[in-house]
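Open the model in your viewer and keep the selection tool at hand. The stops below say what to select and what is there.

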Amino acid sequence: MSQATKSQYLKIRVDPDLKNGLQALAARREESVADVCRKVLLDAIQKGVLIDGEDAIVKIVRNCLRDAIKPTEERLAKINAKVAIASGTAMWMNMQVLSEAGYDAQEVYTKARKKAVAQLQERESETL
């Protein structure tokens, strides 16, 4: 047997309950305690590698999605800012015109806002 394939000796301490559990498992499997320990350790290592691999894949997918979505997100933010400025400008102009025409602009605005909210809620309930 070459040095590369030669088994290494590993000595560990376990509490009596763990030792009894290993012995019982070995008896059920009709294997040695050493074989059971090797299989349990190998299984734990493989699962750990799998979980680590899944974590790495999740990180890669998240980064790819973030990179793909970021330009769209930034574009939508810019559009939203322009819409907010246009809306504010239109509202100010409407309030100015209403005031100059002799209307109570604040009262007209409050009524119009309530009607708009009610209409949007009505449309939302229709789509559900």
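How many salt bridges does the count come to? The count comes to five salt bridges. Note before starting that this is a predicted model.

**Stop one: salt bridges**

Select D35 and R38. They form a salt bridge, with the closest N and O atoms 2.6 Å apart. Both residues lie in helix 2, three residues apart, which is about one turn of the helix. D35 is partly exposed, at 30% relative accessibility, whereas R38 counts as exposed, at 52%.

Next select D43 and K47. Here too there is a salt bridge, and its closest N and O atoms are 3.3 Å apart. About one helical turn separates K47 and D43, because they are four residues apart in helix 2. K47 is partly exposed, with a relative accessible area of 48%. D43 also counts as partly exposed, at 35% relative accessibility.

Then select R66 and D67. These two form a salt bridge whose closest N and O atoms are 3.9 Å apart. R66 has a relative accessible area of 49%; since exposed means over 50% and buried under 20%, R66 is therefore partly exposed.

**Stop two: the largest pocket**

Select L10, I12, A34, C37 and R38. What do these residues have in common? Of the 15 residues that line the largest pocket, they are the closest to its centre. R38 is thus a residue to keep selected from the previous stop, where it was paired with D35. The volume of this pocket is about 450 Å³. Two elements give two or more residues to its lining: helix 1, residues 16–29, and helix 2, residues 33–100. Helix 2 supplies the largest share, five residues. Sorted by class, the lining has nine nonpolar, three polar and three charged residues.

**Stop three: a nonpolar patch**

Keep L10 and I12, and add V14, L18 and L41. Together these five make a nonpolar surface patch of about 490 Å². L10 and I12 are also among the residues closest to the centre of the largest pocket. Now centre the view on L18, which is found in helix 1. Is L18 buried or partly exposed? L18 is partly exposed, with a relative accessible area of 43%.

**Stop four: the loop after helix 1**

Select E30. This residue is in the loop between helix 1 and helix 2. Its phi is near 55°, a positive value in a residue other than glycine. E30 has a relative accessible area of 73%, so E30 is exposed.

**Stop five: the second largest pocket**

Select M91, N94, M95, L98, V108, Y109, A112, R113 and A116. These residues line the second largest pocket. Helix 2 and helix 3, the latter spanning 105–127, are the elements that give two or more residues to this lining. Which helix gives the most? Helix 3 does, with five residues. About 170 Å³ of space lies in this pocket. By class, its lining has seven nonpolar residues, one polar and one charged.

**Last view**

To finish, show helix 2 by itself. Helix 2 holds the D35 and R38 pair and the K47 and D43 pair. Helix 2 also gives residues to the lining of the largest pocket and to that of the second largest pocket.

Notes: Residues are numbered from 1 along each chain as its sequence is written. This is a predicted model: local features need pLDDT of at least 70, side-chain atom pairs count only at pLDDT 80 or more; totals for chains, interfaces and linings use all residues. Side-chain values use heavy atoms; hydrogens and water are left out. On a 1 Å grid over the protein atoms alone, a cavity is a set of points where a 1.4 Å probe fits but cannot get out, and a pocket is an open set with protein on both sides within 12 Å along at least five of seven lines; lining residues have an atom within 4 Å of a point. Grid points are joined across faces, edges and corners, and a volume is the space filled by probe spheres set on the points. Ala, Val, Leu, Ile, Met, Phe, Trp, Tyr, Cys and Pro count as nonpolar, Asp, Glu, Lys and Arg as charged, and the others, Gly among them, as polar. Buried means under 20% relative accessible area, exposed over 50%, partly exposed in between (1.4 Å probe, protein chains only). Patches are made of residues with over 30% relative accessible area and no salt bridge: like charges are joined within 9 Å, nonpolar side chains (Val, Leu, Ile, Met, Phe, Trp, Tyr) within 5 Å. Accessible areas come from the Shrake-Rupley method with a 1.4 Å probe; for residues, only the protein chains shown count as cover. A salt bridge is a side-chain nitrogen of Lys or Arg within 4 Å of a carboxyl oxygen of Asp or Glu.
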